[in-house]
There are 2 protein chains.
Amino acid sequence: MTASVSSPAERRRNKIRARILSAAERVFAREGADGLSIRRLAENIDYSPAAIYKYFKSKDELVDELKESFFELLLENVHRIADRSTPFAERARDCVATYVQIATEKPYHYAAAFTGQALSSGPVDSEPGFENSKKGQAFYVLRSMIEEGVSTGIFRKDIDSALAAKSLWASMHGLTMMIVHIPTFPALNPAQNTLSRQDFILFHADQMIRGLEANDG
Amino acid sequence: MTASVSSPAERRRNKIRARILSAAERVFAREGADGLSIRRLAENIDYSPAAIYKYFKSKDELVDELKESFFELLLENVHRIADRSTPFAERARDCVATYVQIATEKPYHYAAAFTGQALSSGPVDSEPGFENSKKGQAFYVLRSMIEEGVSTGIFRKDIDSALAAKSLWASMHGLTMMIVHIPTFPALNPAQNTLSRQDFILFHADQMIRGLEANDG
DNA sequence: AAATTGTGGTGAACAGTGTTTACTTTTTGA
DNA sequence: TCAAAAAGTAAACACTGTTCACCACAATTT
């Protein structure tokens, strides 16, 4: 609320913060959270390890920012497709395909975003303010699309959009994780010739959408 | 090929190996691979840390055995359901539900089994002998079921069972991972009242199966 | 029976990790 | 100019997986 919206000190600080994040991003994308060590990171930017802690409370917090940035990228891309004015069927399929595409381009980011926090061990409050997180917004896009499908009569009338969105999301998530963790997927055996990955993604997307459709033979 | 199929020394060795695995299993189930440290494990069984390495080449190898045992349990359960003589629709749904059920009962095991190895970074030979692994056998059960659905006319005739099995598997995997990583799933916000978990699993299963069905309106 | 080989077990160390603390230097603001 | 705050650091703490040299005891071989 002062005269200058950001003091030189602040700008300097943000610049260094950004440099740290940028260096972290590079190695995280290639080697994941385990490959990213504070000491290596500090060396990359010519600082002492302890210096990092003047900018980030912990390694987890640092990595969380990388994950959030990634989800912003993911959301942007899916949103762009969802806002197109192409036919519904095509648009829905492209949203799924884009989600999987972007996610698998940065496997460590995607996997860490879901894998990261502590596993299910009793009812925790878990995700505070999910609706406002990037993840939450991505979910909202999905839900809106399903509502459109229901209201235009393409999908069954009795579908609960929130439920269906979660189911759809889970299926997308599953395919993404499969690709992320099994390098040859959809091939399971290296010497297997199956559909190309892209084609399989479309197949999977169609499969999911078909599950929602009203079957007016 | 000697007279006694297992010498006293061998039996003794296997016994200790089992004790180590048993102790490891307990803490792994509660805290995952990160919570399981060789030193803690050694203390639990009153040995020195180095002693563990007389029985296991590395921590990874030890954990791999835990994961393999878990997948054996998972496979057994799904197989038991698949071999029932209940109506197809019910049987298929129960297989999916059981898979998710067993998996989410040991979240660390399930997540680690997929998350464990190195992420997709180029075409590696990846899964040597997938067909014979427990994971591979679980997949085979799925595929057989789909083939039954196709041959009895419940599913569309043009379905490639291998492809469909992978797609179905991916969807099951996705739901499982969601539940594993989001304690409140299918609720996203803690103060959200949705379908119970069990009901959601069935909803998801129906959704997947509907995607395969022939829609003879 | 004696000598040798192999196995089970250990303490100590190596090379890492995230993080904290005490301390110094630099920058900032009045 | 001078005190206060911020930036940066070396060293240590408490861990981690893993290896190495060594010891004791059991099993085999001579």
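User: What's the handedness of the crossing of α8(A) and α9(A)?
Analyst: Right-handed, in this predicted model.

User: Which residues make that contact?
Analyst: From α8(A), A164(A), L168(A), S171(A), L175(A) and I179(A). From α9(A), R197(A), I201(A), H204(A), M208(A) and L212(A). By class they split into 7 nonpolar, 2 polar and 1 charged.

User: And how are the two axes of α8(A) and α9(A) placed?
Analyst: They cross at roughly 160 degrees and come within 11 Å. Angles over 145 degrees count as roughly antiparallel, so α8(A) and α9(A) fall in that class. Helix α8(A) covers residues 161-181, and α9(A) covers 197-212.

User: What sits in the loop between α8 and α9 of chain A?
Analyst: P186(A), for one. The peptide bond leading into P186(A) from F185(A) is cis, with omega near 10 degrees.

User: What about the peptide bond from F185(B) to P186(B)?
Analyst: Cis too, with omega near 10 degrees. P186(B) is in the loop between α8 and α9 of chain B.

User: OK, α4(A) against α5(A). What's the crossing angle?
Analyst: Roughly 160 degrees, with the axes coming within 9 Å. That makes the pair roughly antiparallel. The crossing is right-handed.

User: Who touches whom between α4(A) and α5(A)?
Analyst: On α4(A), L73(A), L74(A), N77(A), V78(A), I81(A) and A82(A). Facing them on α5(A) are R91(A), D94(A), C95(A), T98(A), Y99(A), I102(A) and A103(A). The tally is 9 nonpolar, 2 polar and 2 charged.

User: Switch to chain B. Where do α5(B) and α9(B) stand, angle-wise?
Analyst: Their axes come within 9 Å and cross at roughly 130 degrees. That value lies outside the parallel, antiparallel and perpendicular ranges, so α5(B) and α9(B) are oblique. The handedness is right-handed.

User: Which residues are in that α5(B) and α9(B) contact?
Analyst: A92(B), R93(B), V96(B), A97(B) and V100(B) come from α5(B). I201(B), L202(B), A205(B), D206(B), M208(B) and I209(B) come from α9(B). There are 9 nonpolar and 2 charged residues, with no polar ones.

User: D199(B) is in which helix?
Analyst: Helix α9 of chain B.

User: Is D199(B) buried or exposed?
Analyst: Exposed. It has 12 other C-beta atoms within 10 Å, and the exposed class takes 12 or fewer.

User: How far is D199(B) from A33(B)?
Analyst: Their C-alpha atoms are separated by 31 Å. Along the chain the two are 166 residues apart.

User: Now the DNA. How many residues surround strand D, and which are closest?
Analyst: 20 residues surround strand D. The closest are S48(A), A50(A), S37(B), S58(B) and K59(B).

User: Which elements give two or more residues there?
Analyst: From chain A, α1 (8-35) and α3 (49-52). From chain B, α1 (8-35), α2 (38-44), α3 (49-52) and α4 (59-82). By class, the surface near strand D has 11 nonpolar, 3 polar and 6 charged residues.

User: And strand C, which residues come nearest?
Analyst: S37(A), S58(A), K59(A), S48(B) and A50(B), out of 21 around strand C. Here α1, α2, α3 and α4 of chain A each give two or more residues, as do α1 and α3 of chain B. The classes are 11 nonpolar, 4 polar and 6 charged.

User: What's the phi of D46(A)?
Analyst: Near 55 degrees, a positive value in a residue other than glycine. D46(A) is in the loop between α2 and α3 of chain A. It is exposed, with 7 other C-beta atoms within 10 Å.

User: And what's the phi of D46(B)?
Analyst: Also near 55 degrees. D46(B) lies in the loop between α2 and α3 of chain B. It counts as exposed, with 8 C-beta neighbours inside 10 Å.

User: Last one, chain A overall. How many helices and strands?
Analyst: 9 helices and 0 strands. The C-alpha trace spans about 70 × 55 × 40 Å along its principal axes. Of 217 residues, 36% count as buried.

User: What share of chain A's contacts joins residues at least 24 apart?
Analyst: 65%, among contacts between residues at least 6 apart in sequence.

Conventions
Residues are numbered from 1 along each chain as its sequence is written. Chains are lettered from A and ligands numbered from 1 in the order in which they are written. This is a predicted model: local features need pLDDT of at least 70, side-chain atom pairs count only at pLDDT 80 or more; totals for chains, interfaces and linings use all residues. A residue is near a molecule or strand if its C-beta atom, placed from the backbone, lies within 6 Å of it. Helices (H or I, at least four residues) and strands (E, at least two) are DSSP runs, numbered from the N terminus. Ala, Val, Leu, Ile, Met, Phe, Trp, Tyr, Cys and Pro count as nonpolar, Asp, Glu, Lys and Arg as charged, and the others, Gly among them, as polar. Axes are lines fitted to C-alpha atoms, for helices over the stretch in contact, and angles run from 0 to 180 degrees between N-to-C directions. Angles under 35 degrees count as roughly parallel, over 145 as roughly antiparallel, 65 to 115 as roughly perpendicular and the rest as oblique. A crossing is left-handed if the near helix is turned anticlockwise from the far one by less than a right angle, and right-handed if clockwise. Two residues are in contact if their C-beta atoms, placed from the backbone, lie within 7 Å. A residue is buried if 20 or more other C-beta atoms lie within 10 Å of its own, exposed if 12 or fewer, and partly exposed in between; C-beta atoms are placed from the backbone.
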